[in-house]
Amino acid sequence: MPIQLTTERLLLRPLVQSDFEAVHTYASDPEVCHYMNFGPNTEEETRVFLRASAQGWAEEPPDNYEFAVTLRGNGDLIGTCGLHLGPFRRAEIGYIYRREAWGQGYGTEAARAVVDFGFRQLGLHRVQARHDAPNVASGRIMQRLGMTCEGRFREAVYRDGEWHDVLLYGILEEEWRAGSLPGPADHAHPGD
Ligand SMILES: CC(C)(COP(=O)(O)OP(=O)(O)OC[C@H]1O[C@@H](n2cnc3c(N)ncnc32)[C@H](O)[C@@H]1OP(=O)(O)O)[C@@H](O)C(=O)NCCC(=O)NCCS
């Protein structure tokens, strides 16, 4: 049975090759990829990404969980949210959504479910995330999840003709458990 995470409005499932069209629509959009070390993609680059995601899911156990974030109502894929495992029960979360889906709370809802999955199902000790300082919306997701800003990498990326800082956020298992309610991911609202 493939892993599925459900929230109030979303269903998260493994990303598959047949998601190409939906993924490539936003992965080739320069505005969507502006603050990312990903894209804007050629078709071949999106196919390579999908192949790598499928390979990640095929590992036993996986160390790269790239979830397709879909609307429960109609199954539409609006983006992806990934959990990338490292040593010492550590992982990094990352996410990207098509433009029309922005600003409706989906990013926060999906990230909360994925972090909860990491701590409760995978037994992680620490989850971290990074964003370019001007990418305020991404930083808000990290804050709403109850993550702590642990550091600022000064002038770590060069975009639009200038240097930008990168902010690192992290949350530990005990902090997540203290802030979350028992039960399924959609009932856990740590950090609110
Ligand atoms: C960043 C991104 C993931 C946010 O997703 P989202 O679904 O729009 O986020 P949410 O609706 O859950 O909003 C999260 C917070 O950001 C705020 N926000 C959303 N868009 C914003 C914007 N353009 N400017 C400032 N704040 C914004 C929301 O108001 C909310 O804050 P609040 O809790 O104080 O109300 C989405 O814009 C995206 O996919 N961007 C392109 C890819 C990307 O940058 N990924 C992250 C790389 S680190």
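This report looks at one strand and its partners, and then at a few salt bridges, in a predicted model.

**Strand β8 and its neighbours**

Let's start with β8, which spans residues 162-172. This strand is mostly covered, with eight of its 11 residues buried. It has β7 and β6 as partners. Strand β7 (residues 148-159) runs antiparallel to β8, and eight bridges join the two. One place to see this pairing is valine 157, whose bridge partner in β8 is histidine 164. The hairpin of β7 and β8 has two residues between the strands, and aspartate 160 in that hairpin takes a positive phi near 55 degrees.

Strand β6 (residues 126-132) is also antiparallel to β8, this time with seven bridges. Here, glutamine 128 stands opposite glycine 170 of β8.

**Salt bridges across the chain**

Now for the charged side chains. The model has 15 salt bridges. Here are some of them, with N to O distances:

| Acidic residue | Basic residue | N to O distance |
|---|---|---|
| Glutamate 109 | Arginine 9 | 2.8 Å |
| Aspartate 29 | Arginine 99 | 2.8 Å |
| Glutamate 31 | Arginine 99 | 2.8 Å |

Take the salt bridge between glutamate 109 and arginine 9. It links distant parts of the chain: glutamate 109 belongs to helix α3 (residues 106-120), while arginine 9 sits in the loop between β1 (5-6) and β2 (10-14), 100 residues apart. How covered are the two ends? Glutamate 109 has a relative accessible area of 13%, so it counts as buried. Arginine 9, at 30%, is partly exposed.

Arginine 99 turns up twice in the table, and its salt bridge with aspartate 29 has the closest N and O atoms 2.8 Å apart. That pair also joins distant parts of the chain, with arginine 99 in the loop between β5 (90-97) and α3, and aspartate 29 in the loop between α1 (20-27) and α2 (43-58), 70 residues apart. Aspartate 29 is buried at 13% relative accessibility, whereas arginine 99 is partly exposed at 37%.

The other partner of arginine 99 is glutamate 31. Because glutamate 31 lies in the loop between α1 and α2 and arginine 99 in the loop between β5 and α3, this pair ties together parts that are 68 residues apart in sequence. Glutamate 31 is partly exposed, with a relative accessible area of 42%.

Put these pieces together and you get a network of salt bridges linking Asp29, Glu31 and Arg99.

Definitions and conventions. Residues numbered from 1 in each chain as written. Predicted model: local features only at pLDDT ≥ 70, side-chain atom pairs only at ≥ 80, totals over all residues. Heavy atoms only, no water. Buried < 20%, exposed > 50% of the residue type's maximum accessible area, 1.4 Å probe, protein only. Helix = DSSP H or I, 4+ residues; strand = E, 2+ residues; numbered from the N terminus. Pairing = 2+ DSSP bridges. Salt bridge = Lys/Arg side-chain N within 4 Å of Asp/Glu carboxyl O.
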